[in-house]
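Hi,

Here is the model I promised to pass on to you. Have a look at it first, and then read on for my notes.

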Amino acid sequence: MLLGIAGFVLIGLVVYCLVSSKMNAIPIFVAFPILIALLCGFGPAEVFAFVKKGVSTTMTTAILFLFSIVYFGLMNDVGMFDPLMNFLSKKAGSNIVLVTLATGIIATIAHLDGTTAGTCLITVPAMLPLYKKLHIRPVVLCCIVSAAISIMNLTPWGGPVARTAIILKTDAAILWHELLPLQAVGLVIVAAFCIYMGLLEKKRGAGITPTGRAAELSEDMGGASNDAPADPSLKRPKLVWVNWFVTLVVILLMCFTKIPLYGAFMIGLAAALILNFQGSSAQANAVKRHASAALLTPMILLTTGVFLGVLEGTGMMKAMANILIGIMPNAVGPKLATVMGCLSVPFGMMLGTDSFFFGFMPLCIGVAEKFGVAAHDIAMSMLIGKDFCIMVTPHNATTWLLIGMAGVSLKDQLKFTAPYMWVLSIITVFAAGLIGVFAM
């Protein structure tokens, strides 16, 4: 009982500090678990044994993030995506539906790197001028980008899948292979949604009776700022197809060989540096440009190992689950996977990413297993549902980046986009259950 209460206190502290931005995630995930464990009577040797075991479960995922972020950031610098982006935006022309559909395609391709910031930096500058010209509301651009990110983020180098793999103590590649059929279905759902958005804007008069109202930019930009475009001198137009070939090889290595995912990105990064930059100095600078982004996420993932190791090793997780069992209605228990998947958008918006995956999801797993629901099933349903709230929560820095670049207020983003994302999440959760990603 006391361990359960201590676990709730620990999670409460972690969630509060993450949501309120009282401190960075790294000290939160290290200091609080160790302090609570010591206060519960565990000795230093025991606590650090929990830490060692926990960190070992996150090591592989952290290395994957380190190399994948640098690789795709470098490919964006050298302009690998530029011809495709230009082609799609030109082909769309003045057709409203084609414009919104092209937006979804561009955002989908841009999110191959699994980083939301990169997707915003590629898609918004490419499409916003066209939106303004055709009097399509910029919030529609934000909504479509949010939907595309939600599906494409189900890759092993995307944060949600990596975090879920840590919770389930499995490899992110294994989860990805299970999610691939759903991603195919999800891309169809997103395409249909883009068409619907185009028809909605066309009905409003976009491109036909331009009143100017649709193109007005909100004055409340939430304090976000526009990032400067990549240095033109870094572009390698003559090597575009070579870089696409290297990327294809990396993807094939991940899909059809037993090489670790981080190993595939190590090989790809080495090839990309040799092909695009001459000399050690130029290659070092190419890596340094993405060092900050590449280091932060792996460091956070490693420190979450401390948090999870303490929760598991001390028995807090089991004690908390037992407490929740007593208040869980028996009728809800067997269907908890579906229920929590459908509710993951509002919970995710309130909790934020790390607190949702490393605080809330383990609790739900513990409760669900008591009702015979597999940890895999509830984790997968919550992962799928949660992915749709990434760009509609103020706790996510890239939400501010997206709305700032598009000139949309947070209020408009939440009011317009959040309801659509919740509906799409419920549709996708049920689609996942029907094709067998998890047992409904």
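In which helix do Phe356 and Phe360 both lie, and how many residues apart are they? They are in helix 16, four residues apart, which is about one turn of the helix. Helices here are DSSP runs of H or I with at least four residues, numbered from the N terminus.

A word on the basis: this is a predicted model, in which local features need pLDDT of at least 70 and side-chain atom pairs count only at pLDDT 80 or more, while totals for chains, interfaces and linings use all residues. Residues are numbered from 1 along each chain as its sequence is written, and side-chain values use heavy atoms, with hydrogens and water left out.

Back to the two rings. The centres of Phe356 and Phe360 are 5.8 Å apart and the planes are at 50 degrees, so the pair is tilted. (Rings of Phe, Tyr and Trp, the last by its six-membered ring, pair if their centres lie within 6.5 Å; planes under 30 degrees apart are stacked, over 60 edge-to-face, and the rest tilted.) Both residues are buried, meaning under 20% relative accessible area with a 1.4 Å probe and protein chains only. The count of aromatic pairs comes to 10, and Phe193, Tyr196, Phe416 and Tyr420 form one aromatic cluster.

Helix 16 (residues 353–370) also packs with helix 8 (residues 159–168): their axes come within 10 Å and cross at roughly 35 degrees. The axes are lines fitted to C-alpha atoms over the stretch in contact, with angles from 0 to 180 degrees between N-to-C directions. The crossing is right-handed, that is, the near helix is turned clockwise from the far one by less than a right angle. Among the residues in contact (heavy atoms within 4.5 Å) are Ile166 and Ile167 of helix 8 and Phe357 and Met361 of helix 16.

A second pair is helix 9 (residues 172–204) and helix 17 (residues 375–386), with axes within 12 Å and a crossing of roughly 55 degrees. That makes helix 9 oblique to helix 17, a class for angles that are not under 35, over 145 or 65 to 115 degrees. This crossing is right-handed. Leu175, Glu178, Leu179 and Leu182 of helix 9 meet His376, Met380, Leu383 and Ile384 of helix 17.

One last residue to look at is Asn243, found in helix 10 (residues 240–256). Asn243 is buried, with a relative accessible area of 0%. Leaving aside neighbours within four places in sequence, Asn243 is in contact with Tyr71, Met75, Val78, Met80 and Asn276.

Best wishes

Conventions:
Helices (H or I, at least four residues) and strands (E, at least two) are DSSP runs, numbered from the N terminus. Buried means under 20% relative accessible area, exposed over 50%, partly exposed in between (1.4 Å probe, protein chains only).
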